[in-house]
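Subject: The structure I promised you

Hi,

Here is the structure we talked about, ready for you to open and turn around on your screen. Have a look at it first, then read on for what I found.

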Amino acid sequence: MSVVESFTKLGFNDPPAESVPVKSLVFKPKTPKSATPVPIVVVALQSTATPSPLIAQVTSSKDPRLARDDLVRDIFKCESAKDFNLGYLSNATSDFKLLIDSQLEAVEGATILKLTDDLFMTKEILFKFLSEFDAVRQSVDFTQEVKSKDQKKGQQPKKQDSSSAILEDAKLIGITVDKSKDFPGWYQQVLTKGEMLDYYDVSGCYILRPPSYAIWENIQKWFDEKIKGLGVQNAYFPMFVSSRVLEREKDHIEGFAPEVAWVTRAGQSELEEPIAIRPTSETVMYPYYAKWIQSYRDLPLKLNQWNSVVRWEFKHPQPFLRTREFLWQEGHTVFLTKEEAEKEVLQILDFYADIYKELLAVPVVKGRKTEKEKFAGGDYTTTVEGYIPQTGRGIQGATSHHLGQNFSKMFNLTVENPKGPEYPKVFAFQNSWGLSTRTLGVMVMIHSDNKGLVIPPRVAQFQAVVIPVGITKNTTEEQRQQIYDSSKSVESRLKQAGIRAFGDYNDNYTPGWKFSQYELKGIPVRIELGPKDIKENQVTVVRRNDSRKYNVKLDELEKRIPEILNELHNDLYSKAKELYDSHRVLVNEWKEFVPNLNKKNVIIAPWCGVTECEEDIKDSSAKKDDGEEIAVDEKAPSMGAKSLCIPFEQPELKESQKCIKCDRPAINYTMFGRSY
């Protein structure tokens with residue numbers, strides 16, 4: 001019997017009623033060609049993020065990446081990385097390091113762990129097996145802060161006791177850390193335990209599970225109807241773009257160059273010309289626009305596509321907010337006149353603002369990006385900017401760009417002059433606009449709490465869950481059946497009324513367990529029905545966001561539940577707007593800028609419009625990271641406040657008003673803030 005088979009026999013194959021998923025990952029650190037790599041095996045709860053920079057820090061290694069099949073095969077005698085399990089540790093032909101998640105160590109010994117899809121084992125037995133490797137084993141707190149370069153050089157980091165963030169009444173199946181004390185750890189847990197997403201084995205890529213994809217579908221359905229009302233049609237263009245086409249627009253590609261992923265090989269053969277995977281589709285689509293559009297009668301052309309794009313520049317991904325592949329829509333439209341194009345830019349921006357307000361219950365500020373922050377190659381960019389209260393950072397929600405004639409000149413997108421053939425041809429005016437699954441991350445960060453997700457009802461996969469209650473050991477079979485039948489009748493009526501509802505009639509779990517489970521998943525309302533409710537001809541309705549209870553008569557069910565859902569949405573929006581409004585501070589003197597910024601505010605300040613001054617504001621407002629970010633990089637708050645937008649709604653600017661940072665006259669008020 002092989003050592004792997006022996007390990008498998010320690011567990012069992014039949015899925016238990018409850019288990020805790022565990023992941024086993026093999027990393028390969030960067031190693032000189034002349035040296036033998038020492039792989040790093042990480043064993044952690046599935047919900048624990050295991051960032052490469054932290055693995056590098058605790059093992060004193062360089063740039064560890066997920067190992068390829070050849071290393072796993074050579075060292076552990078396992079055919080592929082995806083087939084690896086901890087039994088293969090006994091096959092090791094050379095040294096390796098073993099990192100154990102401290103949160104996994106804290107799990108009770110009798111807890112059943114899910115090691116693979118078909119292998120389950122108690123924590124006690126697993127750790128008895130792992131004790132054979134104590135010489136190379138190391139316990140790691142994966143919630144700790146990754147040290148910055150300055151800290152590694154000897155400066156003292158700001159200490160944060162991760163244990164202080166643990167919730168006193170936390171259960172393993174629920175959220176175990178406090179949102180206010182460990183925001184990154186809370187965010188990771190609320191997404192994974194709430195079943196919004198799962199981590200994929202390619203860094204920066206995530207699996208959107210049905211609850212999150214349903215939210216995206218509801219956004220898609222709403223927006224698709226709006227843009228089709230403007231005459232926009234959906235299409236699809238390939239994800240690949242040749243290097244010569246991508247490089248035709250120099251300003252545009254320079255803006256995206258660090259993010260572009262390239263395909264250089266097919267099988268074992270090198271490609272004659274590398275092919276890029278689209279970071280956006282201007283250069284993919286516009287050569288064909290130029291081919292299709294020959295006359296002004298062919299205008300306007302309005303196309304949109306729902307697709308995914310790849311942007312690979314960053315080292316520290318965050319689910320939904322900064323991912324290497326993400327879903328979005330990108331609209332690309334062509335007009336004869338600038339006036340037509342500019343009108344559409346604002347129409348689309350209004351749609352984006354309505355998505356946040358009417359669907360996600362999130363307040364945003366509409367405005368225009370500065371020249372420094374605008375879309376590369378465009379004339380100007382309009383934006384909706386959100387705010388995350390917990391971190392005090394702004395976040396870009398969606399953008400609508402007026403490209404002017406920049407791209408039409410590059411791709412020779414011209415039409416006959418309406419004045420006649422004797423007049424020169426006219427270059428078309430273009431727009432592009434996009435909204436991505438970043439919206440989901442913004443929604444989760446703003447509304448969710450220590451019980452789990454809070455999902456606004458207009459986008460939730462399910463808006464209501466019906467739960468039978470009041471069944472005890474003394475309940476007769478006839479009474480039990482009456483409660484279930486009544487509950488199923490309520491569920492059916494809600495569905496017929498257009499409410500996305502379902503019932504949980506599982507006998508294996510108590511109502512209390514179900515309450516916690518659906519609070520974790522963010523179901524907007526819970527509808528309880530028991531013997532007392534049947535007697536009173538009513539149901540008890542509980543809102544997810546604030547646990548407010550209603551007694552709703554069955555005769556009013558179809559009328560009241562939609563009203564309660566709308567009230568819930570409006571209360572979520574009002575709470576978020578109050579926080580945003582109270583943390584958007586008007587500042588006219590520089591001495592007040594940084595102190596207000598450090599109070600988790602965004603700043604409205606008079607500004608001269610000069611890019612050098614904008615950069616000076618960012619540099620001068622920089623501070624050391626406060627420990628709330630997973631890792632420090634050039635987009636983290638330690639780099640200071642950037643311009644978020646020039647709001648459309650402007651405070652009155654005095655004639656003598658100077659710029660917040662320099663002596664030049666101010667030309668507008670601009671919103672600055674630390675941002676994602």
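Let's start with one residue. Leaving aside neighbours within four places in sequence, aspartate 224 is in contact with Asn234 and Trp306. You'll find aspartate 224 in helix α8. Is aspartate 224 buried or exposed? Its relative accessibility is 14%, so it counts as buried, the cut-off for that being under 20%. For a sense of distance, pick out threonine 36 as well: aspartate 224 and threonine 36 are 188 residues apart in sequence, and their C-alpha atoms are 54 Å apart in space.

Before you go further, keep in mind that this is a predicted model.

**The whole chain**

Now zoom out. The protein chain has 20 helices and 30 strands. Its radius of gyration is 28 Å, close to the 26 Å that the globule rule gives for 676 residues, so the chain is as compact as a globular protein of that length. Along the principal axes, the C-alpha atoms fill a box of roughly 90 × 80 × 55 Å.

How much of the chain is buried? Of the 676 residues, 51% count as buried. The chain exposes about 32000 Å², and carbon and sulfur atoms supply 48% of that. If you take the contacts between residues at least 6 apart in sequence, 68% of them join residues at least 24 apart. As for charge, there are 91 positive and 95 negative side chains, and the centres of the two sets lie 2 Å apart.

**The cores**

In soluble globular proteins, nonpolar side chains tend to be buried together. So what does that look like here? The largest nonpolar core has 51 residues, and Met196, Ile219, Phe223, Tyr352 and Leu360 are the ones with the most contacts inside it. Several elements give two or more residues to this core, including α7 (183-193), α8 (210-228), β17 (380-388) and α14 (438-447). Which element gives the most? That is α12, with eight residues.

There is also a second, separate core of 32 residues, which includes Cys78, Tyr88, Ile100 and Leu126.

Leucine 360 is a good one to click on. Setting aside its neighbours within four places in sequence, leucine 360 is in contact with Ile219, Ile355, Thr439, Met443, His447, Pro456, Val459 and His569. Thr439, Met443 and His447 are among the buried residues of α14. In fact, α14 is mostly covered, with 10 of its 10 residues buried.

**Some backbone oddities**

Where does alanine 361 sit? It is in the loop between α12 and β16 (365-368). Alanine 361 has a positive phi of about 60° although it is not a glycine. Its relative accessible area is 0%, so it is buried.

Phenylalanine 320 also has a positive phi, of about 70°, without being a glycine. Look for phenylalanine 320 in the loop between β14 and β15 (325-335). With 5% relative accessibility, phenylalanine 320 counts as buried.

One more for this list: the peptide bond from leucine 299 to proline 300 is cis, with omega near -5°. Proline 300 lies in the loop between α11 (282-292) and β14 (301-310).

**Two more residues to find**

Serine 139 is in strand β7 (residues 137-140). With a relative accessible area of 42%, serine 139 is partly exposed. Apart from neighbours within four places in sequence, serine 139 is in contact with Ile100, Ser102 and Glu105. Serine 139 and serine 102 are 37 residues apart in sequence, yet their C-alpha atoms are 5.7 Å apart in space. And Ile100 should ring a bell, as it is one of the residues in the second core.

Lysine 419 is in the loop between β19 (414-415) and β20 (426-427). Is lysine 419 buried or exposed? At 63% relative accessibility, lysine 419 counts as exposed, since exposed means over 50%. Try tracing from there to isoleucine 483: the two are 64 residues apart along the chain, and their C-alpha atoms are separated by 76 Å.

That's the tour. Happy clicking!

Cheers

How values were computed:
Residues are numbered from 1 along each chain as its sequence is written. Side-chain values use heavy atoms; hydrogens and water are left out. Helices (H or I, at least four residues) and strands (E, at least two) are DSSP runs, numbered from the N terminus. The radius of gyration is taken over C-alpha atoms; the globule rule is 2.2 Å times the number of residues to the power 0.38. Buried means under 20% relative accessible area, exposed over 50%, partly exposed in between (1.4 Å probe, protein chains only). Contact means heavy atoms within 4.5 Å. Accessible areas come from the Shrake-Rupley method with a 1.4 Å probe; for residues, only the protein chains shown count as cover. Lys and Arg count as positive and Asp and Glu as negative; His and the chain ends are not counted. The place of a charge is taken as NZ of Lys, CZ of Arg, CG of Asp or CD of Glu. A nonpolar core is a set of buried Ala, Val, Leu, Ile, Met, Phe, Trp, Tyr and Cys residues joined through side-chain atoms within 4.5 Å.
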